[in-house]
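The following paragraphs lead the reader through a protein model, from single residues to the architecture of the chain. The sequence and the structure are shown first.

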Amino acid sequence: MDSAPSTDRIGYLPDRDQTLMKIVVTGPFAVGKTTFIRTLSEIPTLHTEEVMTQASAPHDDLVGVPGKTTTTVATDFGRLTLDDDLVLYLFGTPGQHRFLPLWQDIARGALGALVLADTRRLDHSFEVMDLVEEQGLPYVVAVNTFPESPHHPDEVLRKHLDLHPRTPLLQLDARERAGCARALVALSEHVLARLPEDDRTAPEDRP
């Protein structure tokens, strides 16, 4: 599977058979979900960011992210085509617990999840991974390497996150397209490997 999607911004999907996959991009508050989707989307992205106010201070933990001034209050949306015949619809979730009902609505019908994590606040990822597992979604964990974040080898991160041996783990910069694309390729392969054979067969190849 080619990990280098086209850099052209395209609008309508071509008139041919394609596999469409809904993917949830999730993670705790201020982990880089909006940036990730903006970096990869081949269409103009939809964002629902609002400026944070004093009213949110008791609810939004800014420890480790003091420069955070906006937050997603509904969803982010983008689209990415891989290999011309696999189209990923990317739905970003809010990171705060108070948006849990909305998170569950966004995740409904998804085939997989990309969980973003931050080494400054790894423990904040556990609740999100629990939610993903409760939804029965296969997932990949991608550690967003902020410049000021501590860096650790994959084996150390895997141990601290208590990941299943078959759960893929990657490190990336959410501002860099190549690394983000590799994460979605890994997730797509992980999802497709778990689908029943009938669901992985192209319509024209089915009996």
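In this predicted model, leucine 131 is classed as buried because its relative accessibility is 13%, below the 20% limit for that class. Leucine 131 belongs to helix 3, which spans residues 125-134. When residues up to four places away in sequence are set aside, Leu100 and Trp103 are the residues that leucine 131 touches. A further spatial relation involves glutamine 104: it stands 27 residues from leucine 131 in sequence, while the C-alpha atoms of the two are 8.5 Å apart. Leucine 131 is also a member of a nonpolar core of 20 residues, a second and separate one, which includes Trp103, Val132 and Leu161 as well.

The wider setting is a chain of 207 residues, 46% of which are buried. Five helices and eight strands are present, and from the N terminus they follow the order β-α-β-β-β-β-α-β-α-β-α-β-α. Among contacts with a separation of 6 or more, 75% join residues that are 24 or more positions apart. The accessible surface of the chain amounts to about 10700 Å², and carbon and sulfur atoms account for 52% of this area.

The largest nonpolar core has 28 residues, and the members that touch the most others are Phe36, Leu88, Leu114, Leu116, Leu172 and Leu184. Which elements give two or more residues to this core? They are strand 1 (19-26), helix 1 (33-40), strand 4 (76-82), strand 5 (86-92), strand 6 (112-117), strand 7 (139-144), strand 8 (169-172) and helix 5 (177-194). Helix 5 provides the largest share, namely eight residues.

Leucine 114 illustrates how this core is joined. Beyond its neighbours within four places in sequence, leucine 114 is in contact with Val24, Val25, Thr26, Phe36, Val140, Ala142, Ala183 and Leu187. One of these partners, Phe36, is among the buried residues of helix 1, together with Lys33, Thr34, Ile37, Thr39 and Leu40. Helix 1 is accordingly mostly covered, with six of its eight residues buried.

The charged side chains form a further layer of the description. Six salt bridges occur in the structure. In one of them, arginine 108 meets aspartate 105 with an N to O distance of 3.0 Å. How accessible are the two partners? Arginine 108 counts as exposed because its relative accessibility is 55%, over the 50% limit. Aspartate 105 has a relative accessibility of 42% and therefore counts as partly exposed.

A contrasting environment is found around aspartate 118, which is buried, with a relative accessible area of 0%. Aspartate 118 forms a salt bridge with arginine 120, whose closest N and O atoms are 2.7 Å apart. It also forms one with arginine 121, where the corresponding separation is 3.5 Å. Arginine 121 is buried, as is aspartate 118, whereas arginine 120 counts as partly exposed at 24% relative accessibility. These three residues and Glu148 are linked in a network of salt bridges. Arginine 120 has an additional relation to an aromatic residue: its charged end sits over the ring of phenylalanine 146, 4.5 Å from the ring centre.

The aromatic residues themselves complete the picture. The structure contains two aromatic pairs. In one of these, phenylalanine 77 and tyrosine 89 are stacked, with 6.1 Å between the centres and 15° between the planes. This pair is classed as stacked because its plane angle falls under the 30 degrees limit. Phenylalanine 77 lies in strand 4 and tyrosine 89 in strand 5, twelve residues apart, and the pair thus links distant parts of the chain. Tyrosine 89 counts as partly exposed because its relative accessibility is 21%, and the buried class requires a value under 20%. Phe77 and Tyr89 form one aromatic cluster with Phe91. Phenylalanine 91 also has a charged partner, for the charged end of lysine 22 sits over its ring at 4.8 Å from the centre.

Notes: Residues are numbered from 1 along each chain as its sequence is written. This is a predicted model: local features need pLDDT of at least 70, side-chain atom pairs count only at pLDDT 80 or more; totals for chains, interfaces and linings use all residues. Side-chain values use heavy atoms; hydrogens and water are left out. A nonpolar core is a set of buried Ala, Val, Leu, Ile, Met, Phe, Trp, Tyr and Cys residues joined through side-chain atoms within 4.5 Å. Buried means under 20% relative accessible area, exposed over 50%, partly exposed in between (1.4 Å probe, protein chains only). Helices (H or I, at least four residues) and strands (E, at least two) are DSSP runs, numbered from the N terminus. Contact means heavy atoms within 4.5 Å. A salt bridge is a side-chain nitrogen of Lys or Arg within 4 Å of a carboxyl oxygen of Asp or Glu. Rings of Phe, Tyr and Trp (its six-membered ring) pair if their centres lie within 6.5 Å; planes under 30 degrees apart count as stacked, over 60 as edge-to-face and the rest as tilted. A charge sits over a ring if NZ of Lys or CZ of Arg is within 6 Å of the ring centre and within 35 degrees of the ring normal. Accessible areas come from the Shrake-Rupley method with a 1.4 Å probe; for residues, only the protein chains shown count as cover.
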